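Reader: I have a model open and would like to learn how to read its helices. Could you take me through them one at a time?

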Amino acid sequence: MHPRKLESRILQNVHKANRDFGLVQGGDRVLVAMSGGKDSYGLLWALQKVQAALPDKFEIFAYHLDQGQPGHDPKPLESHLRELGVPYEIEYQDTYSRVVAMTEPGKVYCAWCSRFRRAIIYKAARRNGCNKVALGHHRDDLIETFLLNAFFSGQLKSMPPRLKSDDGSEQVIRPLVYCAEAELRELAEHKKFAVMPCTLCGSQDKERKAVKRLLEELSAKYPRIRTSMLAALANVRKTHLLDNSINPLFGATLAAALPSSLGDDEEEPLAFPADSAPTAAEASDAAAPEPLVTTIGGRPL
Ligand code: SF4
């Protein structure tokens, strides 16, 4: 795709997500979680464009957590952030060693790793006065998560574009929910972002890999399958599912029998994203490790 067309397509999708879900407002201070992968570079790039285009101004604060994976080097990312001139923090906490020690042999590290990471990121947001945390999950992540939950955990759920934390102190936003992974990859190549490999930890979720492969195989035969799945996530027929608590027909009976249950018009209680929510014990575990070295803007504290 021509670079100009590619950029405008990604930006259109980000603006649309912003309009549909009210992600960024004037006066916000948004912590952009930079993993160093292509998606996070694309997220920062897109949010800076949105920042320039919106009349209501908001602030961007870039944040990278170095989790101590072997071979991890945040310097190229730091150079990029310096060149952009965005305020940033690079924090080092060796969660990798703890995750390796806590994970049973033969199991993947991802569950513990991401729980530690999320808890540390939320703390960083509070420390830096950010009321929102922007994550780089894109359309394909939403679709894969939806299938993973349906196939392996018996739930119909994906990743929300916007969610408040339990105490309401900050919101998680996902401005790339309408963006295709392939386009973000193309953007990263075209912009020559210094993308870090995401396999340093040597741990990969087998089920997610299988779902990715399945989607690739199906997309080769039915090219619009991902577009249709994204549309499906925004087009739920409550009467055609088996969940009593959301079905308006059965829900009425259930609500009468159980007055404290959710009615159809009531909002669900807000919580940390279900895909990543640490339990209370996990959150306190995650908050427990003291940083071995902490750097702000690359300078040791
Ligand atoms: S792939 Fe590696 S860095 Fe990513 S969540 Fe899993 S263990 Fe953590």
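Author: Happy to! Keep in mind that this is a predicted model. Let's start with α1, whose buried residues pack against α2 (38–53) and α7 (181–191).

Reader: Which residues of α1 are buried?

Author: A general idea helps here. An α-helix has 3.6 residues a turn, so residues three or four places apart point the same way. In α1, the buried residues are Ile 10, Asn 13, Val 14, Ala 17 and Asn 18. Looking down the axis of α1, you find these buried residues within an arc of 140°, so they line one face of the helix.

Reader: And which residues are exposed on the other side of α1?

Author: There you will find Arg 4, Lys 5, Ser 8, Gln 12 and Arg 19 exposed.

Reader: What span should α1 have, at 1.5 Å a residue?

Author: With 19 residues (3–21), α1 should span 27 Å, and its end C-alpha atoms are 27 Å apart, which agrees. Just after α1 comes Gly 22, with a positive phi near 55°.

Reader: How should I read two helices that pack together?

Author: Two packed helices are described by the angle between their axes and the distance between the axes. Take α6 (residues 139–152) and α9 (residues 225–233): their angle is about 70°, and their axes are 10 Å apart. Angles of 65 to 115 degrees count as roughly perpendicular, and α6 and α9 are therefore roughly perpendicular to each other.

Reader: Which residues of α6 and α9 meet?

Author: From α6, Arg 139, Asp 140, Leu 142, Ile 143 and Phe 146 meet Arg 226, Met 229, Leu 230 and Leu 233 of α9. By class, this contact of α6 with α9 has six nonpolar, three charged and no polar residues.

Key
Residues are numbered from 1 along each chain as its sequence is written. This is a predicted model: local features need pLDDT of at least 70, side-chain atom pairs count only at pLDDT 80 or more; totals for chains, interfaces and linings use all residues. Axes are lines fitted to C-alpha atoms, for helices over the stretch in contact, and angles run from 0 to 180 degrees between N-to-C directions. Helices (H or I, at least four residues) and strands (E, at least two) are DSSP runs, numbered from the N terminus. Angles under 35 degrees count as roughly parallel, over 145 as roughly antiparallel, 65 to 115 as roughly perpendicular and the rest as oblique. Two residues are in contact if their C-beta atoms, placed from the backbone, lie within 7 Å. Ala, Val, Leu, Ile, Met, Phe, Trp, Tyr, Cys and Pro count as nonpolar, Asp, Glu, Lys and Arg as charged, and the others, Gly among them, as polar. The expected span of a helix is 1.5 Å times one less than its number of residues. A residue is buried if 20 or more other C-beta atoms lie within 10 Å of its own, exposed if 12 or fewer, and partly exposed in between; C-beta atoms are placed from the backbone. The arc is that of the directions from the helix axis to the C-beta atoms.
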